[in-house]
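Open the model in your viewer and keep the selection box handy. We will walk through it stop by stop, choosing what to select next and looking at what is there.

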Amino acid sequence: MIRALALSLCLSATALSAQEATSSGSGAVLRGLDKLTGRASDIELGAGQTAQFGRIEISLAECRYPVGNQAGDAFAFLTVREAGHPDPAFRGWMVASSPALNAMDHQRYDVWVLRCTSS
């Protein structure tokens, strides 16, 4: 019983120390790709803003990055909606270094995070 408790405390401490401290950016730079035309565009958004890219609207809720390393591994919470569809095509966190980890699955458009910005 005591061994199990000690083991669980050690595992909890390891998991907590593995988490990296983050800072919030004032916005993010995203890249959008229209797979039909091959047009790629960089999209700069502030937190709480929405931008139009083709037939989709991209809303940025928040962008975070490792403390002291703004060019580091950014991750942003995005909501992407297609015109005429009430349900989001994507809603969640996207990670700049691993866009396939939680990718937007859309037949025409692709969006990914490049970096956070600060004013």
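**The whole chain**

Start at the N terminus and follow the ribbon: the elements run α-β-β-β-β-β-β-β-β. That comes to one helix and eight strands, where helices (H or I, at least four residues) and strands (E, at least two) are DSSP runs numbered from the N terminus. This is a predicted model, in which local features need pLDDT of at least 70 and side-chain atom pairs count only at pLDDT 80 or more, while totals for chains, interfaces and linings use all residues. Residues are numbered from 1 along each chain as its sequence is written, and side-chain values use heavy atoms, with hydrogens and water left out.

Color by accessibility if you can. Of the 119 residues, 31% count as buried; buried means under 20% relative accessible area, exposed over 50%, and partly exposed in between, with a 1.4 Å probe and protein chains only.

**The open sheet**

Select S2 (27–34) and S3 (39–46), then add S8 (109–117). These three strands form an open sheet in the order S3-S2-S8, with antiparallel pairing; two strands pair if DSSP finds at least two bridges between them. S3 and S8 are the edge strands, each pairing on one side only. Neighbouring strands here are turned by 20° against each other on average, direction ignored, using axes that are lines fitted to C-alpha atoms (for helices over the stretch in contact), with angles running from 0 to 180 degrees between N-to-C directions.

Zoom in on S2 and S3: eight bridges join them. Show Val 29 as sticks and you will find Glu 44 of S3 standing opposite.

**The S4–S5 hairpin**

Next, select S4 (50–53) and S5 (56–66). They pair in the antiparallel sense over four bridges, and Thr 50 stands opposite Ser 59 in S5. Two residues lie between the strands of this hairpin, and Gly 54 takes a positive phi near 60° there.

Which side chains of S4 are buried? Ala 51 and Phe 53 point to one face and are buried, while Thr 50 and Gln 52 point to the other and are not.

**Strand S6 and its partners**

Now select S6, residues 75–82. Six of its eight residues are buried, so S6 is largely enclosed by the rest of the structure. S5 and S6 pair in the antiparallel sense over eight bridges, with Ile 56 and Glu 82 as one pair of bridge partners. S6 also pairs with S7, again in the antiparallel sense, over six bridges; look for Phe 75, whose bridge partner in S7 is Val 95.

**The aromatic cluster**

Stay here and show Phe 75, Phe 77 and Trp 93, which form one aromatic cluster. A search of the whole structure finds three aromatic pairs. Phe 77 and Trp 93 form one that is edge-to-face, at 5.4 Å centre to centre and 70° between the planes. Rings of Phe, Tyr and Trp (its six-membered ring) pair if their centres lie within 6.5 Å; planes under 30 degrees apart count as stacked, over 60 as edge-to-face and the rest as tilted. This pair links S6 to S7, across 16 residues. Trp 93 counts as partly exposed, at 30% relative accessibility.

**The nonpolar core**

In soluble globular proteins, nonpolar side chains tend to be buried together. To see this model's largest nonpolar core, which has 22 residues, begin with those that have the most contacts inside it: Leu 30, Ile 56, Ile 58, Leu 78 and Met 104. Such a core is a set of buried Ala, Val, Leu, Ile, Met, Phe, Trp, Tyr and Cys residues joined through side-chain atoms within 4.5 Å. S5 gives the most to this core, with five residues.

Center on Leu 78. Beyond its neighbours within four places in sequence, its contacts (heavy atoms within 4.5 Å) include Leu 30, Ile 58, Phe 90, Met 94 and Val 113.

**Last stop: His 106**

Finally, select His 106, in the loop between S7 (90–95) and S8. Is it buried or exposed? His 106 is buried, with a relative accessible area of 5%. Its side chain reaches the backbone nitrogen of Arg 108 at 3.0 Å and that of Tyr 109 at 3.1 Å. Leaving aside neighbours within four places in sequence, His 106 is in contact with Lys 35, Ile 56, Glu 82 and Ala 89.

How values were computed
Polar contact = N/O pair within 3.5 Å; in protein donor to acceptor, adjacent residues only side chain to side chain.
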